[in-house]
Amino acid sequence: MTRLGRSLTAFDTGQEVSDAPQVRSTEAPASLLVSIVVPCLNEELCIGEFVDWCLEGLRRAGVAGEVLIIDSSTDRSAEIAEQHGARVLRMPKRGLGRAYIDAIPFIRGQYVIMGDCDLTYDFRELGEFVERLRQGYEFVMGSRFKGHIEAGAMPALHRYFGTPITTWTLNVIYGSRLSDIPCGMRAITREALVRMNIESQSWEYASEMVAKAASMRLQTTEVAVRFYKDREGRLSHHKRAGWLSPWLAGWINLRAMFLYAPDFFLTRPGWALFLPGLLLTLSLVAGPRTFHGIVLNLHWMLLGVTLTVVGYNAILLGMITRVFYDFDAAVSRRLMRVLTYNRGVIGGILLGLIGIGFNSTLVYTWIRDDFRLSELNHSGVFGLLLIVAGFQTFTSTLVFQMIAQRRGRA
């Protein structure tokens, strides 16, 4: 196992790094299997013992590892962490998620274990996380509900409302089966973490990671963890920020869940609207129909057109978003092969021209009657649908190809 006392200073770009000379290492960095990567903000009360816990956990697990602290403190946290054997990456205070983003270039282990340095998670028991990663899992979530929650460790609002609601919502949206989405202790392969491309700057990184793990179809599992209450004299960051902080954290986590769910909010509802809408519209192109005593007239056709347009737009946006996020490289490549520039542009133009053809008699009547239209016929409404769909296809193809071209150069 490696024991390091190292200080790094990174500027906003994350490019320039200066290393202090006090480096003690018994193994080459290439031999490191595990990097424990944890943000720190004014935790001098706990940080020393936390680093000791991490090193003990690595020793118990029998693996070579490092402790990397991303520090934004104004107290002695960084100094204490170095004294206990951690590497310290000094960064300006920019948010919890941002701390992990800044740390990625400096992570040397094959596996990354994340969490809080406030002694609420027991890093002495990290062996099962390592074991699951060695078994081939790419993302391992901790679960306090499957493990042990010390009395007073989790406020009732979090335990019985916030965490269950957050977990249920994300599971419904992404089809996952996790029991404790907000749990801070988690592990991931470095390769998956880089590919995940975390974007969240604050608390919502936790939901973004789980959402992207599901969307990327990472091999995911859970590990039971212990959750302890704050040490005497320490205030949690939510309490430091005020009573509104947990609610804001919940809100931005909800936003992260929504932003990375194109299938749930776009593609699936799109098809659910598009198919019945198109069927209803096509059945009325020739005129009104009676179905089981119900007269399907022009008003029903307008409903069908509305459903078709809204659904088709959602499907196109879902495809665009799929390629933009590139959760599944195989799906992105398949979409780019099918939705080519030529097919999209030519298809959009043809739809528009056919729609104009359907409306030619309507336009003739409109001009003949001194630009007055006494009635709107069914074929004319269908023609308008084709014109709108043609425009949607043409413009969406351009946006899709812009993203696909940029993706191809990445």
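The exercises below concern strand pairing and the nonpolar cores of a predicted model.

Residues are numbered from 1 along each chain as its sequence is written, and side-chain values use heavy atoms, without hydrogens or water. Local features need pLDDT of at least 70 and side-chain atom pairs pLDDT 80 or more, whereas totals for chains, interfaces and linings use all residues.

**Exercise 1.** Determine which strands pair with strand E8 (residues 186-189) and which way the side chains of E8 point.

*Solution.*
1. Strands are DSSP runs of E with at least two residues, numbered from the N terminus; two strands pair if DSSP finds at least two bridges between them.
2. Strand E6 (residues 111-114) runs antiparallel to E8, joined by 4 bridges. Within this pairing, Val112 has Ile188 as its bridge partner.
3. Strand E7 (residues 139-149) is also antiparallel to E8, over 3 bridges. Here Phe139 stands opposite Ile188.
4. Arg186 and Ile188 point one way, Ala187 and Thr189 the other way, and all are buried (under 20% relative accessible area, 1.4 Å probe, protein chains only).

**Exercise 2.** Describe the largest nonpolar core and the surroundings of Phe50.

*Solution.*
1. A nonpolar core is a set of buried Ala, Val, Leu, Ile, Met, Phe, Trp, Tyr and Cys residues joined through side-chain atoms within 4.5 Å.
2. The largest one holds 81 residues, and Ile36, Phe50, Ile69 and Phe123 have the most contacts inside it.
3. Helix H1 (residues 47-61) gives the most to this core, namely 7 residues.
4. Leaving out residues up to four places away in sequence, Phe50 is in contact (heavy atoms within 4.5 Å) with Val38, Ile69, Asp116, Cys117, Leu119 and Phe123.
5. A second, separate core has 10 residues, including Leu296, Val305, Phe382 and Leu386.

How values were computed
Buried means under 20% relative accessible area, exposed over 50%, partly exposed in between (1.4 Å probe, protein chains only).
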